[in-house]
Amino acid sequence: MRKIFLQIGATRDGQNPYCAVAKREGYFTVLAEMGDFVDYQSLSFTLPFDLIVRLDRPENPWDVLQACLRAGLLEHPQVVLAGFEAYNVSAGRVREMLAGPDAGPGFIPPDKYAQRMALRKAWPRFPQPEFRFFASPLSIRDAREALLYPCVIKPVDGGGGLGIWLVEQASQLDTVINKLVDTMNYGGRGFSGFIVESWLCGDEYSLQGVVDNGHAVALTCCQKVIEHHSDQDGSISFYESGHVAMAAQQLPASFTSLMSFCCETFGYRQGAFHIDFIVVNGEPHFLEMGFRLSGMGVVNLVEEVTGINWAEIAFHIEAGRGMPELHFCQAAQVVGRLRLRQPLQYRQAEQWIAQQQRGQLLPPLNLPALDVSPRSSLYADLTRHAGILATFRLPGNSRDDVLATFHQILDVTSFATRGDLLCAE
């Protein structure tokens, strides 16, 4: 009997770490993804899977299983994982259906609103931004007088920063709402709701780790680099442009507590995770938890600063082999990666590397920036993941030094100098 690994959704950063692990372990590897997106990625590189199953809706678990059967995959996969955040729930449902009713309910990742509500009801309570749920953009507009400004609007089931806007004052709300009405989720589908939360000024972080049988272990702690982009109409969106990673062997107690509390509160007992939070006045405030490997090449950062293959550990846990003994082996104290979207940023990084004789510019995936309708199944991917000129990789001995260099590169285009509200990262 063949060992089969099924990945639902392709990664958006071109990395395929689960597939590489599965192939080394002797699995027959299968990718279930939208045909349009498979064709789009194939313009730049060859997907490494043994079988690619094309379907219109990878977010629907029934469609995934039916498409696999139509493709001639008659055996059940032993390991099912999501390659992208938008398909995490689908992967959970497929695992649950394959396990059968006797196995009991499986873990289904909660969306951003469900996470916030679970933490609000749990004790002890971890701080988080004040928030409200809205079913549609128009209902947010109807509540304009009840909102507290500045605020951030974000979809509860988006990914990659899609549909996240900062609204400084009520006069900007209509412009943002009009944009949200025209914004489609990945795959050309709608959003299932929105959170409007109080805007917080602080440093943003992300913990990368694994949990096995309820025991959570952090591998790295990344400080994020966030770009604020102002459109011509004054509306402000966010890009998560970079990460500066350090091994997580000596985390602050508050970070460790947040990690353990999230896994316990959400009932997440098995697999990879990353937890996003913002530190305000020295205290971490929860933002969201992702029940998967991080994107944007963070898998590489984890291995560079720990010597640990994050995907391999997570895959072994999902395959029922448990968590092996972890051996942290630091090749570098700190490593950062910054995605460059503007020619001025690219030239500034190129000049900095030539002057300092440090760092390198990693080539992009060269995904073409096609002109498609906002209703296209590819629209979200093209607006969030295409158009990257290069990734600036910089190792160092100090997180602050790497961050300072990254902000120097970004400041050349004056993204973060709009006034008092956009505080220093």
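**Exercise 1. Determine which residues Asp276 touches, and whether Asp276 is buried or exposed.**

Step 1. Contact is defined as heavy atoms within 4.5 Å. Not counting residues up to four places away in sequence, Asp276 touches Tyr205, Ser206, Lys224, Phe286, Leu287 and Glu288.

Step 2. The structure is a predicted model, in which local features need pLDDT of at least 70, side-chain atom pairs count only at pLDDT 80 or more, and totals for chains, interfaces and linings use all residues. Residues are numbered from 1 along each chain as its sequence is written, and side-chain values use heavy atoms, with hydrogens and water left out.

Step 3. Asp276 belongs to strand 12 (residues 270-280). Helices (H or I, at least four residues) and strands (E, at least two) are DSSP runs, numbered from the N terminus.

Step 4. The relative accessible area of Asp276 is 8%, so the residue is buried. Buried means under 20% relative accessible area, exposed over 50%, and partly exposed in between (1.4 Å probe, protein chains only).

Step 5. A separation of 21 Å lies between the C-alpha atoms of Asp276 and Val167, which are 109 residues apart along the chain.

**Exercise 2. Locate Glu204 and list its contacts beyond four places in sequence.**

Step 1. Glu204 is situated in strand 9 (residues 203-212).

Step 2. With neighbours within four places in sequence left aside, Glu204 is in contact with Cys222, Gln223, Lys224, Ile226, Phe277, Ile278 and Leu287.

Step 3. For Phe277, 73 residues from Glu204 along the chain, the C-alpha separation is 5.8 Å.

**Exercise 3. Compare the expected span of helix 11 with the distance between its end C-alpha atoms, and state where its buried residues lie.**

Step 1. The expected span is 1.5 Å times one less than the number of residues in the helix. For the 14 residues of helix 11 (residues 343-356) this gives 20 Å, and the end C-alpha atoms are 20 Å apart, which agrees.

Step 2. Gln345, Ala349, Trp352 and Ile353 are the buried residues of helix 11. They cover an arc of only 100 degrees around the axis and therefore lie on the same side of helix 11. The arc is that of the directions from the helix axis to the C-beta atoms.

Step 3. A general rule applies here: an α-helix has 3.6 residues a turn, so residues three or four places apart point the same way.

Step 4. The cover over the buried residues of helix 11 includes strand 10 (215-230), strand 14 (334-340), strand 15 (360-362), strand 16 (390-396) and helix 13 (399-411). On the face turned away from the buried side are the exposed residues Ala354 and Gln355.

Step 5. Gln357, which follows helix 11, has a positive phi, near 55 degrees.

**Exercise 4. Identify the buried residues of helix 7 and the elements against which they pack.**

Step 1. In helix 7 (residues 173-181), the buried residues are Leu173, Val176, Ile177 and Leu180. Viewed down the axis of helix 7, these residues fall within an arc of 100 degrees, so they line one face of the helix.

Step 2. The buried residues of helix 7 pack against helix 6 (137-142), strand 6 (151-155), strand 7 (165-167) and strand 8 (194-198).

Step 3. Val176 also appears among the contacts of Ser235, together with Trp165, Thr175, Lys179, His229 and Ser230, when neighbours within four places in sequence are left aside. Ser235 occupies the loop between strand 10 and strand 11 (236-247), and is buried, with a relative accessible area of 5%.

**Exercise 5. Describe how helix 3 packs with helix 4.**

Step 1. The axes of helix 3 (residues 61-70) and helix 4 (residues 88-99) are 8 Å apart, at an angle of about 65 degrees. Axes are lines fitted to C-alpha atoms, for helices over the stretch in contact, and angles run from 0 to 180 degrees between N-to-C directions.

Step 2. From helix 3, Pro61, Trp62, Val64 and Leu65 meet Ser90, Arg93, Val94, Met97 and Leu98 of helix 4. The residues of this contact divide into 7 nonpolar, 1 polar and 1 charged. Ala, Val, Leu, Ile, Met, Phe, Trp, Tyr, Cys and Pro count as nonpolar, Asp, Glu, Lys and Arg as charged, and the others, Gly among them, as polar.
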